[in-house]
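Please look over the sequence and the 3D structure shown here before reading the briefing that follows. The notes are grouped by topic, so that each can be followed on the structure in turn.

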Amino acid sequence: MNTIHAIRYLIVDDEMPGRVNLRLAMAAHAGWQLAAECGGAASARAALEKQPVDVVFLDIRMPGQSGLELARDISRLPEPPLVIFVTAYSEHAIDAFDVHALDYLLKPIDDVRLAQAVERAAAMLGQREAYGAALRRYVKAGKGGRPLDTISVRSVGRIEQVKVSDILRIESAGNYVELHLAGRTVLHRMTISRLEGLLPPGEFLRVHRGTIVRCAEIVRLESGGDGGYALTLRGGGTVAVSERYVAALKLALQAGQRP
């Protein structure tokens, strides 16, 4: 008979009410076992040295050593636990979590959102190496806002590292974006407007409300009989250009922002 092991988790938050609220909310999730509650990074390190855990709920802003510094140490472990960041950051300040496929909970924690994070973490436990790589990229970027070079795309039970240099164009799909690569398309959970602000400057152009194109893929801009415009791409396909982007696109092409 196979033995089902409980998923052991650690709560790290300098505020006691935050720890208590999360502990009480987690009581509704069968199969999850609390290993310890810690009020800071130092006590969390001691707890992790004493006994390994599967998941760490980690507050980012803590006095002394921040959650980001602790996450950096966690990412270096041979089999790092999954990290679910707990933060009061606004939506626009958490883009990095989405880019690196790292889960997060906004304070005050919503029960439905917690359930989603718990389900995702359980599905990802077999992919600790890939998750550790994504975590290392996140903490390496830190607050410096380095140009985005890799997007960690999370699908069911796995994380795929997609190089930004391999992306030919990006199309909106509601709360997701379709990353068009050579011969295939990858779906990533992020709106196109949020992703646009993270792309390396000068490498991509927004040509439509729902389309971003790599500059190097543009062959020519043509006007149609109905007064609309379309771009011909290197692969032979075409994409529509909306009127609001035509002027900026022409300026970019005249400035040589393509081969």
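Cys38 is buried, with a relative accessible area of 4%, and Cys215 is likewise buried, its relative accessible area being 3%. The structure, which is a predicted model, holds zero disulfides, so neither Cys38 nor Cys215 belongs to such a pair, because a disulfide would need two cysteine sulfur atoms within 2.5 Å. The points below turn to the strands, the aromatic rings and the charged side chains.

**Strands and crossover**

- Strand E1, which covers residues 7–12, pairs with strand E2, which covers residues 32–38, and the two run in the parallel sense over six bridges.
- Within this pairing, Arg8 has Gln33 in E2 as its bridge partner.
- To get from E1 to E2 the chain passes through helix H1, made of residues 16–26, and the β-α-β crossover that results is right-handed.
- As background for looking at any such element, the side chains of a regular strand alternate between the two faces of the sheet.

**Aromatic rings**

- A pair of aromatic rings is described by two quantities, namely the distance of the centres and the angle of the planes.
- The count for this model comes to six aromatic pairs.
- One of them joins Phe97 and Tyr138, whose ring centres are 5.2 Å apart and whose planes make an angle of 55°, so that the pair is classed as tilted, because that class lies between stacked, under 30 degrees, and edge-to-face, over 60.
- This pair links distant parts of the chain, since Phe97 belongs to helix H4 (residues 95–99) and Tyr138 to helix H6 (residues 128–141), with the two positions 41 residues apart in the numbering.
- Both partners count as buried, because Phe97 has a relative accessible area of 2% and Tyr138 has a relative accessibility of 9%, while the cut-off for buried is under 20%.
- Ring pairs also link Phe97 and Tyr138 with Phe85 and Tyr104, so that the four residues form a cluster.
- Tyr104 has a charged neighbour as well, for Arg113 lies over the face of its ring, at 5.3 Å from the ring centre.

**Salt bridges**

- The count of salt bridges comes to 16, and the next points describe some of them.
- Asp73 and Arg76 form one salt bridge, in which the closest N and O atoms are 3.1 Å apart; Asp73 is partly exposed at 29% relative accessibility, whereas Arg76 is exposed at 56%.
- Arg158 and Glu160 meet through their side chains in another salt bridge, at 3.9 Å from N to O; here Arg158 is partly exposed, with a relative accessible area of 40%, whereas Glu160 is buried at 18%.
- Which residue forms a salt bridge with Arg214? The partner is Glu203, and the closest N and O atoms are 3.5 Å apart.
- Because Arg214 lies in strand E12 (residues 211–214) and Glu203 in the loop between helix H7 (192–196) and strand E11 (204–208), this salt bridge ties together parts that are 11 residues apart in sequence.
- Of these two residues, Arg214 is buried, with a relative accessible area of 11%, whereas Glu203 counts as partly exposed at 32% relative accessibility.
- Salt bridges can also be followed through a network, and one such network links Asp13, Asp59 and Lys107.

Terms used: Residues are numbered from 1 along each chain as its sequence is written. This is a predicted model: local features need pLDDT of at least 70, side-chain atom pairs count only at pLDDT 80 or more; totals for chains, interfaces and linings use all residues. Side-chain values use heavy atoms; hydrogens and water are left out. Rings of Phe, Tyr and Trp (its six-membered ring) pair if their centres lie within 6.5 Å; planes under 30 degrees apart count as stacked, over 60 as edge-to-face and the rest as tilted. Helices (H or I, at least four residues) and strands (E, at least two) are DSSP runs, numbered from the N terminus. Buried means under 20% relative accessible area, exposed over 50%, partly exposed in between (1.4 Å probe, protein chains only). A charge sits over a ring if NZ of Lys or CZ of Arg is within 6 Å of the ring centre and within 35 degrees of the ring normal. A salt bridge is a side-chain nitrogen of Lys or Arg within 4 Å of a carboxyl oxygen of Asp or Glu. Two strands pair if DSSP finds at least two bridges between them. A crossover is right-handed if, with the strands pointing away from the viewer, the path from the first strand over the helix to the second runs clockwise.
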